[in-house]
Structure formats: C-alpha cells, structure tokens
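This briefing goes with the sequence and model shown here. Please read the points alongside the coordinates.

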Amino acid sequence: MCAVVLAGVLIAPEAIASDAGPGTVGRMSEAKGTTAESLPQAVGLGNGERAEIVGGDVRITDDGGPRGKRYAIASTNGTLALRPAALPQSVPATRVALPRGTGAGAAAGAKAAATYSVKLTITNADVASKSFYVWDRKTWAGYAVDSDAIGPSSTVKLPPGDYFSVALHSDWQRPSYVLTRTFKVGTAATTVTFDERAAKETGIRVDDTTATRGSSAVWISVPGGGLAGFAGSGADKVYVTPFSQPGAALRIHDVLARKGTTAGTPSPYRYDLTHTFRDTVPASPIASVNRATLAKTVMHVRAPGTRTTALLQTVPNLGESTGVYLGSPVPVADSVTEYVTPGISYSRSLDYGTGDYSLALPDRSLAAGPAAAETVGEAPL
C-alpha cells in the first residue's frame, strides 16, 4: 500500500504526470449545507483508494495499483471532491473537508433572490471528460458546477453578475486544454461556449536542444484561494486560452530531461521549471528561459544496489492549497545535475524501485547560479 500526505499540497499516490497510463480526475466543489465537522474523516473512493483527514492534512492511500495517478482540482469552497477517472462519470464524487483556512469561502449566490440557468459547453472538440469552474469577478466567490454528465456541456444556476470561468478538458492520451471565458448573467438563461480552436500551446522552454518535456502541470489560480487544475500528462502538449483578468494567474510547472529518458536509462540532468503568467496570458503563452539564469546543483544519489531505479518528484510551493508532484527518473549510485527556477521553494521526494521506499527530502529554494552539491540516500533504507 502506498500513502501520500498532503500538508497544504494535494498530490495523488505516486503522483507523476509523466505516466504512461490514464490518470485520475477529481474536483473541488461546493458542499451545500455541509460543514467540515459533518464530513467523514475517512472515506473510500470506490476503487481501493481511501482519503482521510490526519492532523489537518489530507492523506490518500491506494491499493498498490498503477503509478502515475493525478487529480484535477479546483478549490472553490474549501471542500475536496474526489472521483477516480476509472469510475463511470455517473458515479458521484466523494467529499472530504480541506484544512481550515483553505478555499475561497462560502459560495456566493446562496441568498440571491433569483438565479438563471447558464449552459457551459466546450465546442470544436470531442469531449469525454471535463470540469467547469465559475467565480464571481468582483468577490471571487466560487460556484460549484456538476461536471459529471457525459458530453461537452454542464449547467449551473447563477444570479445576475459578472463571471470568470474555466473549462478543463484532459482526455487520456490527448492534449490537455485550459479554456477561459468571462461572461455576464442578466435576467435570462444564457449559453457560454469555450472554443478549443482559440487555445494556444503553453509551456516552458529552455535553450538546451537536447532537453524535452517529461512531465507537466498547468493550472489557474484566482484570489481567495480558488484554483482550477491540473492539465498536463507526460510529454503531451497543453493549450490555454489567452486572457486578461486582473487577479487570475496561469501556473506552469514543467520538468524537462534528455530525450529518450526512461526508468532504465535516466537522464544525467533535470530541469525543474516554474512560471506564472499573472493577470494576462499572452497570445503566445510560451515562457523561454536561458540555462545560464537558472540555479544549478548536483545531487549524488545513493541506493541499495545499482539495479535499483529512482524517481525524483517535486512540487512548487506557491502559497496555494493544492499542487501535483512531477517526477523524472534519476541515476542511482551516480549523480544528476539539476537546473532549477531560482527563488521558488520546492517540496521533494525520492522514490526507489516501484515506490516501496521513499525519502522525503527537505524543501529547497535556490538562488540563481551554482549551489552546493547534495547527497541523498546515504543511510541504509
């Protein structure tokens, strides 16, 4: 059994986005009439996994199934709803409460005198699964959208107002899409469309022609702790709708390694890159970095035997309630050179073999330029 503890960061068991198998999908949503005290402290997810609250953290345990599971999250109102993608869309999400102080607060509109039906739909796309998120642009209070129905559309009741919305479309072995729209609700029902043709490729690129994306996570955060994510799986492309919205931010976490990297042939180097487009996502949302501007360090990896494989996983700490660890294979009984976005604190772990052994490494933030080397795994496991 594998267990993962979330101390302000939500991850999935063996949470890597560079997996070769389908991920799992979840969402943050409003629980009307539900309080943290009334939610169960341990719940089953219907596929052998369990979620529980342990000392204010969220712990997810699995049944030793396939690696590479991830959860798409949106912290709309401080409760966490989880539903593995392997289950039918008709199976409702399972709810647990986030630790106090996370999320965007109570949902707006509870006291509204009138609400109107708003149909949210993704166009020019073949949609098997999706998630919609809606926030009031003035208060940034979130509205829960039931995105479980089959097909490209969902419906939500909203009071008159001005809204910012995100559609997340991530189907297995296809590019991921983070689509945005602003819209207004007056005194009648309306339809809001998210056109995938308007989305542009996003990511972080470095001036090293031998490096390629190995895993990625892309999400949007808004004031008050709300977020919509996560898009990205392995080397698959991610597309986003360019937008201009004060307060909203597009977050990108990319891990790059040498082309052809596998668990058996790990890369001798690793790029751990994070970028934020704040307030405005440009028409060409690609962030370019020069290797000379990054932090550089060397990790010496010790392991019980040269045939052991190892996976280094990291997640940037950006002051948000959730995140996803990204992993890449690293050499054992050898060294890996790390190039890291400077000034960003990363939580880290090193998993050996199939994940039976895991080392929780200290959080680390590096300044630009060379940094002292690090040796991990010296003690017997």
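The notes below cover the chain as a whole, one sheet, one buried aspartate and a set of salt bridges.

The model is predicted. The chain has 29 strands and zero helices. Of its 381 residues, 53% are buried.

**Chain overall**

- Among contacts with a separation of 6 or more, 74% are between residues 24 or more positions apart.
- The exposed area of the chain is about 15600 Å², and carbon and sulfur atoms supply 52% of that area.

**The sheet β11-β8-β14**

- Three strands make up an open sheet, ordered β11-β8-β14, with mixed pairing.
- Strands β11 (153-158) and β14 (190-195) are the edge strands, each paired on one side only.
- From one strand to the next, the twist averages 25°.
- Strand β8 (residues 116-123) and β11 run antiparallel and are joined by six bridges.
- Within this part of the sheet, Thr-121 stands opposite Ser-153 of β11.
- In general, strands of a sheet pair through backbone hydrogen bonds, in either a parallel or an antiparallel manner.

**Asp-254 and its surroundings**

- Asp-254 belongs to strand β19, which covers residues 243-258.
- Asp-254 counts as buried because its relative accessibility is 1%, against a cut-off of under 20%.
- Leaving aside residues up to four places away in sequence, Asp-254 touches Gly-203, Ile-204, Arg-213, Ser-215, Ser-216, Tyr-271, Asp-272, Leu-273 and Leu-326.
- With one of these residues, Arg-213, the side chain of Asp-254 makes a polar contact of 3.1 Å.
- Gly-327 is 73 residues from Asp-254 in sequence, and their C-alpha atoms are 10.0 Å apart.

**Salt bridges: two pairs**

- The count of salt bridges comes to twelve.
- One pair consists of Asp-195 and Arg-197, whose side chains meet at 3.2 Å, N to O.
- Asp-195 is partly exposed at 25% relative accessibility, whereas Arg-197 is exposed at 61%.
- Another salt bridge is formed by the side chains of Asp-208 and Arg-291, with an N to O distance of 3.6 Å.
- This second pair links distant parts of the chain, 83 residues apart: Asp-208 is in the loop between β15 (200-206) and β16 (211-221), and Arg-291 is in the loop between β21 (286-289) and β22 (295-301).
- Asp-208 is buried, with a relative accessible area of 10%, while Arg-291 is partly exposed at 37% relative accessibility.

**Salt bridges: a network**

- The side chains of Arg-364 and Glu-374 form a salt bridge of 3.4 Å, N to O.
- Arg-364 lies in strand β27 (residues 357-364) and Glu-374 in strand β29 (residues 374-376), so their pairing ties together parts that are ten residues apart in sequence.
- Both Arg-364 and Glu-374 are buried.
- These two residues also take part in a network of salt bridges that links Glu-338, Arg-348, Arg-364 and Glu-374.

Methods
Residues numbered from 1 in each chain as written. Predicted model: local features only at pLDDT ≥ 70, side-chain atom pairs only at ≥ 80, totals over all residues. Heavy atoms only, no water. Pairing = 2+ DSSP bridges. Helix = DSSP H or I, 4+ residues; strand = E, 2+ residues; numbered from the N terminus. Axes fitted to C-alpha atoms, helices over the stretch in contact; angles between N-to-C directions. Buried < 20%, exposed > 50% of the residue type's maximum accessible area, 1.4 Å probe, protein only. Contact = heavy atoms within 4.5 Å. Areas by Shrake-Rupley, 256 points an atom, 1.4 Å probe, with all protein chains shown as cover. Polar contact = N/O pair within 3.5 Å; in protein donor to acceptor, adjacent residues only side chain to side chain. Salt bridge = Lys/Arg side-chain N within 4 Å of Asp/Glu carboxyl O.
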